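Student: I'd like to learn how to read burial, strand pairing and ring contacts. Can we work through one case?

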Amino acid sequence: MREKSAAASNPDAMSGATPRSHIVVLSGAGISAESGIRTFRGGGGLWHDFRIEDVATPEAWQRDPERALGFYNVRRRQLYSVEPNAGHRALAGLERDFPVTIITQNIDNLHERAGSSNILHLHGALDKARSTADDALIYDLAGRDIRLGNTCELGSQLRPHVVWFGEMVPELERAEEIVRHADVLIVVGTSFSVYPAANLAFLAPSHARKVLVNPEIPDTVGLDAFECIGEPAARALPRLAEELRKR
Ligand code: APR
């Protein structure tokens, strides 16, 4: 994963949703903003108070694992004091009428707690830990902290099950394949700052209907194929879901 370097672009024509259209959602931190979870950039963003190099890179982990663990422990505890918002719930409700796949850059569990059942976490999950000896050993934390000395069954230190800057995004190919088969693509709450996740928004087929939901439409190149809704997710998504149902 890396911060934005070059914008992608392949604008295509728009078209409507048909019954049983496969709806694919690409969500970012903005969809959880109205639940009280801080975004990363823009006003009040997390990266204004913390340096990525100190808490969210493999080098940070090697240099000061306790600091990295503390950063994620605080965010995990907060997770259990917030609730999904109307935006998460609207996306979950779409599953009653359409096949829906949510590809999220978020590590919170608000899509799950809103009732969505088909979720791909591109950047990992805050409520899971992973062995530092074997990536396949993943453990549910259920809100518990990870501390130095907490080990996996092989005796190795546990780490947050998240993708740090500079690490590979293991689920990327699966996510690309999903977007390539979207009939409707909803991109909500992302600044398109981080690649390769941001590039997913440009892989939908030309026939797909593309909708962008963000109160501050990013200046990213290639968005002219998108219907842009310059509103917060908790207001825009319930209306969009209703409109999709009526089509
Ligand atoms: N509804 C919809 N969008 C919103 C809302 C809202 N209520 N509030 C803010 N936003 C938008 C902002 O305008 C911004 O474009 O959400 C976006 C949040 O951008 P970022 O903070 O950069 O979050 P994101 O795009 O998810 O970051 C990508 O960067 O730090 C890494 O791993 C981290 O997954 C994250 C990745």
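Student: Is Phe226 buried or exposed?

Tutor: First, the ground rules. This is a predicted model, where local features need pLDDT of at least 70, side-chain atom pairs count only at pLDDT 80 or more, and totals for chains, interfaces and linings use all residues. Residues are numbered from 1 along each chain as its sequence is written, and side-chain values use heavy atoms, leaving out hydrogens and water. Buried means under 20% relative accessible area, exposed over 50%, partly exposed in between (1.4 Å probe, protein chains only). Phe226 has a relative accessible area of 7%, so Phe226 is buried.

Student: How do I read a pair of rings?

Tutor: Aromatic pairs are described by the distance of the centres and the angle of the planes. Rings of Phe, Tyr and Trp (its six-membered ring) pair if their centres lie within 6.5 Å; planes under 30 degrees apart are stacked, over 60 edge-to-face, the rest tilted. Eight aromatic pairs meet this rule. For Trp47 and Phe165, the centres are 6.3 Å apart and the planes at 70°, so this pair is edge-to-face. Both Trp47 and Phe165 are buried.

Student: Which residues form one aromatic cluster with Trp47 and Phe165?

Tutor: Phe40, Phe50, Phe71 and Tyr72 join them.

Student: Which strands pair with β3?

Tutor: Strands are DSSP runs (E, at least two residues), as helices are (H or I, at least four), numbered from the N terminus. Two strands pair if DSSP finds at least two bridges between them. β2 (residues 23–27) runs parallel to β3, joined by five bridges. β4 (residues 119–121) is also parallel to β3, over three bridges.

Student: Why is β3 called largely enclosed?

Tutor: Five of the five residues of β3 (residues 100–104) are buried, so the rest of the structure largely encloses this strand.
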